[in-house]
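User: I've got a structure here and I'd like to go through the labels people put on it. Could you take me through the reasoning behind them?

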Amino acid sequence: QVQLAESGGGLVQAGGSLRLSCAASGGIFSTYTMGWFRQAPGKEREFVAVTIWTGRSAYYLDSVKGRFTISRDNAKNTVYLQMNSLKPEDTAVYFCAASTGGYYQNLADYDYWGQGTQVTVSS
């Protein structure tokens, strides 16, 4: 009953910025831990960032710390990923995902996934 829809991807030059959005419908958004993941061609899907349901804590992939910021607006049922100082190695399809069970460390912890949005960073 939960649907997630990402938007905001696109083509950007290295050093540029993008802001991804993930809008949720159905369920109770404020109770979800929300994560962002990415997958490059031929590679495993990897964790990028997560905001736990309280909004009190956020965790990031080491390589994006200081460049990416995850945030949420529960009134709008939306989670964001602000990406600054983008690098070519950030190129991937970015997915948002929702965990309803209170766990967030593994892919299997996430119950719902969006379709993904392409981010391409040129050198």
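Analyst: Here goes, one label at a time. Keep in mind that this is a predicted model.

User: Let's start with Thr51. Why is Thr51 called buried?

Analyst: Buried takes a relative accessible area under 20%. Thr51 comes in at 4%, so it counts as buried. Thr51 is in strand S5, and apart from its neighbours within four places in sequence it is in contact with Thr33, Met34, Ser57, Ile70, Arg72 and Val79.

User: And Asp90, why does that count as buried?

Analyst: Here too the bar is under 20%, and Asp90 has 1% relative accessibility, so buried it is. Asp90 belongs to the loop between S8 and S9. Not counting residues up to four places away in sequence, Asp90 touches Arg38, Val64, Arg67, Phe68, Ser85, Val119 and Val121.

User: What makes S8 largely enclosed?

Analyst: Of the 6 residues of S8, 5 are buried, so the rest of the structure largely encloses this strand. S8 pairs with S3 in the antiparallel sense over 6 bridges, and S8 also pairs with S7, again antiparallel, over 6 bridges.

User: Which residues are bridge partners in those pairings?

Analyst: From S3, Arg19 has Gln82 of S8 as its bridge partner. On the S7 side, Ile70 is partnered with Leu81 and Arg72 with Val79, while Thr69 stands opposite Gln82. The hairpin of S7 and S8 has 4 residues between the strands, and Asn77 takes a positive phi near 50 degrees there.

User: Why is the sheet called open, and which strands stand at its edges?

Analyst: The order of the 4 strands is S1-S3-S8-S7, with antiparallel pairing. S1 and S7 are the edge strands: each has a single partner strand, so one side of each is left without a neighbour in the sheet. From one strand to the next the twist averages 15 degrees.

User: How do you know that the side chains of S7 alternate?

Analyst: Look at where they point. Phe68, Ile70 and Arg72 face one way and are buried, whereas Thr69, Ser71 and Asp73 point to the other face and are not buried. That fits the general pattern, since side chains in a regular strand alternate between the two faces of the sheet.

User: Now the rings. What makes Phe37 and Tyr110 an edge-to-face pair?

Analyst: There are two tests: centres within 6.5 Å, and planes over 60 degrees apart. The ring centres of Phe37 and Tyr110 lie 5.0 Å apart and their planes are at 80 degrees, so the pair is edge-to-face. The partners come from distant parts of the chain, 73 residues apart: Phe37 sits in strand S4, and Tyr110 in the loop between S9 and strand S10. Both residues are buried.

User: Then why is the pair of Phe37 and Trp113 called tilted?

Analyst: The distance is fine, at 5.0 Å centre to centre, but the planes make 55 degrees. Stacked needs under 30 and edge-to-face needs over 60, so what falls between is tilted. With Phe37 in strand S4 and Trp113 in strand S10, this pair ties together parts 76 residues apart in sequence.

User: Are Phe37 and Trp113 buried or partly exposed?

Analyst: Phe37 has 2% relative accessibility, so it counts as buried. Trp113 has 27%, so it counts as partly exposed; the cut-offs for that class are 20% and 50%. Ring pairs link Phe37, Phe47, Tyr110 and Trp113 into a cluster, and the model has 6 aromatic pairs by this rule.

User: How do you know that Arg45 lies over the face of Trp113?

Analyst: The distance limit is 6 Å from the ring centre, and Arg45 lies over the face of Trp113 at 4.9 Å. Arg72 does likewise over the face of Phe29, at 4.7 Å from the ring centre.

User: Last one: which residues touch the most other members of the largest nonpolar core?

Analyst: Trp36, Leu81, Met83 and Tyr94 do, out of 27 residues in that core. Several strands give two or more residues to it, including S3, S4, S5 and S8. As a general tendency, nonpolar side chains in soluble globular proteins are buried together.

Notes: Residues numbered from 1 in each chain as written. Predicted model: local features only at pLDDT ≥ 70, side-chain atom pairs only at ≥ 80, totals over all residues. Heavy atoms only, no water. Core = buried A, V, L, I, M, F, W, Y, C linked by side-chain atoms within 4.5 Å. Buried < 20%, exposed > 50% of the residue type's maximum accessible area, 1.4 Å probe, protein only. Contact = heavy atoms within 4.5 Å. Pairing = 2+ DSSP bridges. Axes fitted to C-alpha atoms, helices over the stretch in contact; angles between N-to-C directions. Lys NZ or Arg CZ within 6 Å of the ring centre and 35° of its normal.
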